[in-house]
Amino acid sequence: MSRPWEALARILKKGWSIAVARYAMILVIAFVAYAVVLLLAGKDPIQAYADTFSFALGTSYGFSEVLVRMIPLLLTAVAVALPSRLGLINVGGEGQLYMGAWLATWGAITFTGLPQLVFIPVLIILGFVGGGCWGAIAGFLRARGWVNETITTLLMNYVAPLLVGYSVYGMWRSREIGSAAFPQTVAFPDAARLPRFFGTRVHLGLILGIVALLAFWFVMTRTKWGLKMRAIGGNPEAARRLGVRLGLYIVVVMFVAGGIAGLAGMAEVTALHGRLRAGFSPGYGFMGFLISWLAGGSPLGILVMAFVLAIVFSGGTLLQITQGVPFSAINVLMAIILFVVLVNPRFSLGALKRVLVGRGRQR
Amino acid sequence: MNWDLLLGVLSGTIMYGVPLLYTTLGEVIGQRAGMVNLGLEGILLVSASTGFVVSSLTGNPWLGIGVAAIAGAVFNLVYAFLVVTRNANQLASGLTVMFLGSGLSAMIGRGFVGGGSSGLARYQIPGVSLFSWATGSMFSYDVLVYLAVPVAVLVWWLLFRTRWGLSLRAVGESPTAAFAAGRRISLIKYQAAMLCGFLAGIAGAHLSVALARTWSEGMTGGRGFIAVALVIFSKWHPLRAIAGAMLFGGAVTLQLQLQAQGAAISPFVLNMIPYVLTLGVLLLWGGARRFAAPGGLGRVYSGEE
């Protein structure tokens, strides 16, 4: 075979390029499939994609909005990736996010006199604890062997927004004129608003997200705890016999994961809305699950997939405005991506290699 | 507690329990074949929207329910393909179906949000009319409600009294042994998944066409997940599922009746009751379930080739 093909084959053999090719192929398949769905719904997919990408990548405002969208996705994805190393499936990011926002809101409207330098750390801690406790409940029930964490976290997703609704319509309801039709809490004091950068809506949450991602990578690869967690995930029985306290790990990991998702909720309400409103999250927790699953729990993968999904997500809002597609239609795209990943079309890459390299069948 | 409230709760328990019962029966069949399907929520949504749209367009609620049941069965093939053919993780596959269902149903039902439906004809339980001074128009149900318990018995008969049911349970308990005994594992799992989707489809359509008589996005409100919990509660037995479904139908009705009566409790707190009750029941049953679960539940079986 000719030279260029061999060079390409050498590149394809390298692990990272295979990973990149795999992600790219998954995305292409999913976008094509979603285009078909849009066509069936009577929309113009090319126009929809052109709108989305020119908005998100072509304008500085659009790009900053993509970063804003990326913040809760990064955090909720880490909240799924961390327990998955233990073999736990945390589908409760949505509920944990709401509880983080709930407890942070309590702080923001209670300690109104604090200076910003004290207030922000207090809110971060409250957001973390709020989501963390919600996650730790599921962790505790799992650690005792009573209830599987998947079903617990799924059910608790329905309870947390109701608690937020209860508070917003009840004890925390603002008496302002505008809040009569649209219940919400009073506006948070300025000192309780997370700082924003460069005159855009990009806020401190982005740094929290990146710190969470780096900490996740560091703990998993460079510490004793990470090693033990991987041991538990690989073979829980063996780890238990080696004296690892399984139950403690499960509860602590679910607390930390819930806390990270709680930070996402805290950041959304304190940086963007400045008040707590019922139903403020359009399903960030579920998107985080998707991202972590797509990235296979790898930190770099999470960063990339969160960015891509943030583009799509900002497109979801755009599509709703410009093309009249219901916002939930974005769930179809998420499902198609997840479907392609689960189908695991390794044969496609193999086939591509066979075509390019001209080797015999490798199976 | 006053008399009207008590009767109202009793009457509504049956009404609201029935869709949950159909869903739970479907999941019992699926889990007996070794498949945990968290996608029930998506199937319910797709069939609720399809059923409502078809019955609105044709004016025939039964056609809507029939189409929805078939749509449910076909839709669950997505799950079966992932789990059986591609050996994918069952929980993630279920969530795929859930996402797909919530998105597709929003697109299907667009333009019909908030629309009304005449619903199914209702017949009062024979004999209740003698006490009409107390019951009024309560205790009158459509045919699907009257069929619910017979269907549960039918599912029990299928699972425990037929050859096919024996094969299905063998596949769920020990795929290796079932394969060694010459059973066609993939075929049986596909059949179980379609039957599960079919029953969930009936439930979804019943929710939108007969119960709520309208369609709104996400109207199933987690019933799919509650059904998964009810399967554990009923220890994978179709007849015990009746009790579970009625318990939760009761919780939903109690909450609605209290709201209608203007109880001084926030509706948000009342809405939590079904979910909290589900969690509580799972907790109480936690210890016992290990001995009742099918042995091969959730496992990937790839030894067929």
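## Worked exercises on a two-chain helical model

In this model, 32 residues of chain A are in contact with 33 residues of chain B, where contact means C-beta atoms, placed from the backbone, within 7 Å. The model is predicted: local features need pLDDT of at least 70, side-chain atom pairs count only at pLDDT 80 or more, and totals for chains, interfaces and linings use all residues. Residues are numbered from 1 along each chain as its sequence is written, while chains are lettered from A and ligands numbered from 1 in the order in which they are written.

**Exercise 1. Which helix supplies the largest share of the side of chain A that touches chain B?**

Step 1. Start with the helices that supply at least two residues each to the side of chain A that touches chain B: α7 (149–169) and α14 (329–343) of chain A. Helices (H or I, at least four residues) and strands (E, at least two) are DSSP runs, numbered from the N terminus.

Step 2. The largest share, 11 residues, comes from α7(A).

Step 3. Sorted by class, this side of chain A has 25 nonpolar, seven polar and no charged residues. Here Ala, Val, Leu, Ile, Met, Phe, Trp, Tyr, Cys and Pro count as nonpolar, Asp, Glu, Lys and Arg as charged, and the others, Gly among them, as polar.

**Exercise 2. How many helices and strands are there in chain A, and what percentage of its residues is buried?**

Step 1. Chain A has 15 helices and zero strands.

Step 2. Of its 363 residues, 48% are buried. A residue is buried with 20 or more other C-beta atoms within 10 Å of its own, exposed with 12 or fewer, and partly exposed in between.

Step 3. Among contacts in chain A with a separation of 6 or more, 78% join residues 24 or more positions apart.

**Exercise 3. Which residues have the most contacts inside the largest nonpolar core?**

Step 1. A nonpolar core is a set of buried Ala, Val, Leu, Ile, Met, Phe, Trp, Tyr and Cys residues joined through C-beta atoms within 7 Å. The largest one has 217 residues, and A:L75, A:V78, A:I291, A:I337 and A:L338 have the most contacts inside it.

Step 2. Helix α9 (residues 185–212) of chain B gives the largest share of this core, 17 residues.

Step 3. Leaving out residues up to four places away in sequence, A:I337 touches A:I26, A:A30, A:L290 and A:L294.

**Exercise 4. At what angle do α4 and α12 of chain A pack?**

Step 1. Helix α4 (residues 60–84) and helix α12 (residues 284–294) of chain A pack at about 55°, with axes 7 Å apart. Axes are lines fitted to C-alpha atoms, for helices over the stretch in contact, and angles run from 0 to 180 degrees between N-to-C directions.

Step 2. That angle makes α4(A) oblique to α12(A); under 35 degrees counts as roughly parallel, over 145 as roughly antiparallel, 65 to 115 as roughly perpendicular and the rest as oblique.

Step 3. Residues of α4(A) that meet α12(A) include A:P72 and A:L73, and those on the α12(A) side include A:Y284 and A:I291. By class, this contact has 10 nonpolar, five polar and no charged residues.

**Exercise 5. Where does B:N87 lie, and is B:N87 buried or partly exposed?**

Step 1. B:N87 is in the loop between α3 (61–85) and α4 (90–108) of chain B.

Step 2. Although not a glycine, B:N87 has a positive phi of about 50°.

Step 3. B:N87 has 13 C-beta neighbours inside 10 Å, so B:N87 counts as partly exposed.

Technical notes. Two residues are in contact if their C-beta atoms, placed from the backbone, lie within 7 Å.
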